[in-house]
Amino acid sequence: MKKTLLILIFLYVNTAISNAQNNEPPQWFRLEAQGEMPAEFNNIISGYNADGSQAETKYHKEENNYIKQLLMSGKILYGDDLTMYLNSVTDVLLANDVNLRKEVKIYALKDETTNAFSTSDGFVFVNCGLLAQCQNEAEVAFVIAHEISHYVLKHGIPQDKTKEKLNVIEDFLKHHVLSREKELEADSLAFERFYKKSSYEHGAIMGVYDVLEFGNLPFDEEHFDRTDVEVANCFQFDNKYFLQNTTPVASTENAVDTFSTHPNLAARRFAMQRLLNLIDTAKPQVADNFLAHRRIARYEVIREQIMNDNYLKAYYNIFVLQKQGDASKYLEVAKVAALYEIATAKNTGNYSLIDINKNNVEGEFQRIVHFFKQITKNECAILSLRTVWQMLETDRKNKYLNLVFNDLIKYLSTSKTLNSLNKFSDYRYGEAIEENTSANVNDNKSKYDKLKANQKVLPQKDFKVENYMLVDLKQNADFISAFNNALLENEKKSAANLIAYLSNKPSININTNSLVVLNPYITKKRESKTLFQTDDITVTYSHSFEKHIKSIAKRCGFDRTFIISCNDKTLPCSYQVLSRLNDYSNSLNTYPSVSFESYDIENVSNKLGTSFINLVNYSKRGSNSRKNKTYKVLHSIISVFDLPALPFSIYQWLFPYQYGTLNFYTYDLDSSRIIYKTSDDFTSENTSDELKQELFHSYSVLNNINKPYGYLGKRLLVLFDCRLSPTGLLGAYSPTQSLFSCSYLFQPSVEYVLGKHWMLGASVQFESLKFQPDDYYNTNNFERQSFLKSTINMLGFGIYGKYYLNGKAPLGYYGKLQADFWTFTANVNHVIGNTIKENDFTFGFRIEFGKTIVVLNSLSIGTGISFGLLTSGYSMMKLFPEEAVPLDYARTSLLTNYIVGVNINVGILTF
């Protein structure tokens, strides 16, 4: 009896342990930090060291900045099960070193790569990807001991000044050999000081090198064949979809390490084996709960892979775990997400973004890669539809699953061969078809009764595999209802969008003044070169970018705009919410799909006070060439004789052309959809006005503000223009003039933006001249002497049109055509004392090429060169115009302003 009782107890305990391993953690979906943020992280976010002191060295500042970026991305975990587990392992390693244990700070990191690293402040970060690949706790322990050794040996702190440029191969090799020596030194200290004294099995260390060598591969090797994706007696895929043979996984432990910062694994294995050979007895491995924590790490790695578009690898890892008996609901949902994203990538023509070249894949994983490369986009969509329906049958109210189901139906509805259930066969492939004779029986049924009596879809000659893939599901009334309802819902949305388009009504209506802008940033690079790596440049540009975003979003009606940025000194929301937002944004694709992260994102919008998340980034690419060289050369030549304009000419040469791309995405967390996205290319020359204009356009469209033209919605420009003409160069009709003399003509103007590139303007021009013959010519002519003094007033009225070439009016380079009407009034004072008024008029035409920039959102500054002609004024255009009279002089003076000149203007954008 006692023996039987013991057996029953053993079976009960064994069953409980088995269930604990097969059942997923309660309500598990993602790893998340728990509780309050540790003080050391708050200090780093605020710009200090972990202990609150000031960072003194550049290296320390860069290290702190890197940790801050990890924090702001939400990747660091604290207070969670994995971090607590890693700390318990560290407690075992440092049981006899209490002081060192206080210095070392262990945290898990949400990252799929097989890696761990330490910092000079005693932080040790272990990636989930490494924990997911380890085979036992002893391997995890040695990895932690290795990283602690780096900290103890101060490998993270530069000991001497390394050359900025390693120009010769000897310097390069010396630098990297030093790094390899550090790895071997850390291995040795980790074993001798920490690992050997612990309760972990000594021989388990060697498994760490297997993890490092094969950690980039999936979790395990499991065979994939047609039975894993087909339904027996329903449909079969083409044989070419399935590989007959695969390439075995090759070892890389003996890779040449000459140009590597780490020694090859064979060298590390050999060095460690020498240490192990000195040990007489091996200690048994300590009992642990490693498998449960590795399972969580593997779940997180799968989530990271889906989030990072590694769908094929995620799908295979899910396949491996399910083959090994893991039947958790999370894996089922993750399988839906991976398969759905693969189908969406194929359907939208973006499969090349996620495809993996089979030459770079080894082992059984090749079969998965080959299968999804061969399968058609329709077959992939239906396979995904079948997968999501299996889950919907047990969870009909799940929002994410319903969104995925409807999206797949939407795709099928666009296909002429699959846009209804009547396009799918009711007979299995090769199944015998029963002849229907009811139509020939005279049973007094109506035509309509006879039509409704036979609704089965028979196989057609043009039917493909895809037409047989819903045979079994077409027997399910719930599936038929869900399929048809999704078709109807998608048709209603399409009709609403078409009506909005035809009626020219806005299709976006977010109806809110709240918006969260997540991690806006600027990247700056030169053509054909990588991004600048200087942190100061990145921070400066991005900080200015954030200011532009906040002011312009407010101008467009988003009064409550919250920017979450790495530049912040404090967190604008809880770290948990920040982490979820970052995960959500990282999971979004350039092609339209339902984000996997939307599975449990609903409560985040309540904590933020808005469901709308805005992602903005600006890529700035510099060009070494100078555009519009002909214009700039002419401007410079003329400015030499118009010296006041010379600084403007020099300024135009200082800065190269910049090509910019603004990527603007807005997502609704509640509907898990992109509601607006745009990617605009533009050019500029070291000014931010074009960038501001692009931002304004995007935010105004997002909030349905009908201000399509102008700068920041301002279309009226009041302008004060001054034209400088090199009169000394064009005509030396005055002995007092030098070669570098110039005349001025003032022209107040009003301009209005008519369209994207066009402006219409009107101007008033005026000039006052004084004419006295003796001041100009030595002559004894009595008639000349009779004109003692003449005052000439000139008044002109002009209209013109401007066309902005690359930018949007009123920004960038423009061409201008102007027509003017001029009147002259000369008050001629004779020697006898009486005054005679003389009047005349003329017409003028001018073309101008120039550039306009806007500063401080309202102040415009422009310069350009102009060429023109008058209908009169040529009589004095000779060296000795002895027959000139006041009006002749006035016409000629005006003509010199028309022939060529440099324009400088300042304006105010009013509304």
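**Exercise 1: a strand pair.** Work out how β11 and β12 are connected and which way they run, remembering that this is a predicted model.

*Solution.* Start with the link: 4 residues form the hairpin that takes β11 into β12. Next, look at direction. Strand β11 covers residues 743–753 and runs antiparallel to β12, with 6 bridges between them. For one concrete pairing, pick Val 750: its bridge partner in β12 is Ala 762.

Now turn to the two faces of β12, residues 758–771. Ala 762 belongs to the uncovered face, together with Trp 758, Leu 760, Val 764, Phe 766, Ser 768 and Lys 770. The covered face is made of Met 759, Gly 761, Ser 763, Gln 765, Glu 767, Leu 769 and Phe 771.

**Exercise 2: one serine.** Is Ser 860 buried or exposed, and which residues is Ser 860 in contact with beyond its sequence neighbours?

*Solution.* First, place the residue: Ser 860 is part of strand β16, which spans residues 859–870. Second, check its accessibility. Ser 860 has a relative accessibility of 2%, so it counts as buried, the cut-off being under 20%.

Third, list the contacts, setting aside neighbours within four places in sequence. They are Leu 717, Leu 719, Thr 852, Ile 853, Val 854, Asn 905, Val 906 and Gly 907. Finally, take a closer look at Gly 907: 47 residues separate it from Ser 860 along the chain, yet their C-alpha atoms are 4.9 Å apart.

**Exercise 3: a helix and its cover.** Test whether the length of α3 agrees with its residue count, then find what covers its buried residues.

*Solution.* Helix α3 holds 15 residues, 58–72. The expected span is 1.5 Å times one less than the number of residues. That rule gives 21 Å for α3, and its end C-alpha atoms are 21 Å apart, so the two agree.

For the second part, collect the buried residues of α3: His 60, Glu 63, Asn 64, Ile 67, Lys 68, Leu 70, Leu 71 and Met 72. Their cover includes the helices α2 (39–45) and α20 (575–587), along with strands β1 (105–109), β2 (116–118), β3 (123–127) and β6 (560–564). Just past the helix, Gly 74 has a positive phi of about 80 degrees.

**Exercise 4: the whole chain.** Put together an overview of the chain's elements, burial and contacts.

*Solution.* Count the elements: 28 helices and 17 strands. Then add burial: of 911 residues, 50% are buried. For contacts between residues at least 6 apart in sequence, 74% link residues at least 24 apart. To finish, the exposed surface is about 44200 Å², with 54% supplied by carbon and sulfur atoms.

Definitions and conventions:
Residues numbered from 1 in each chain as written. Predicted model: local features only at pLDDT ≥ 70, side-chain atom pairs only at ≥ 80, totals over all residues. Heavy atoms only, no water. Buried < 20%, exposed > 50% of the residue type's maximum accessible area, 1.4 Å probe, protein only. Pairing = 2+ DSSP bridges. Contact = heavy atoms within 4.5 Å. Areas by Shrake-Rupley, 256 points an atom, 1.4 Å probe, with all protein chains shown as cover.
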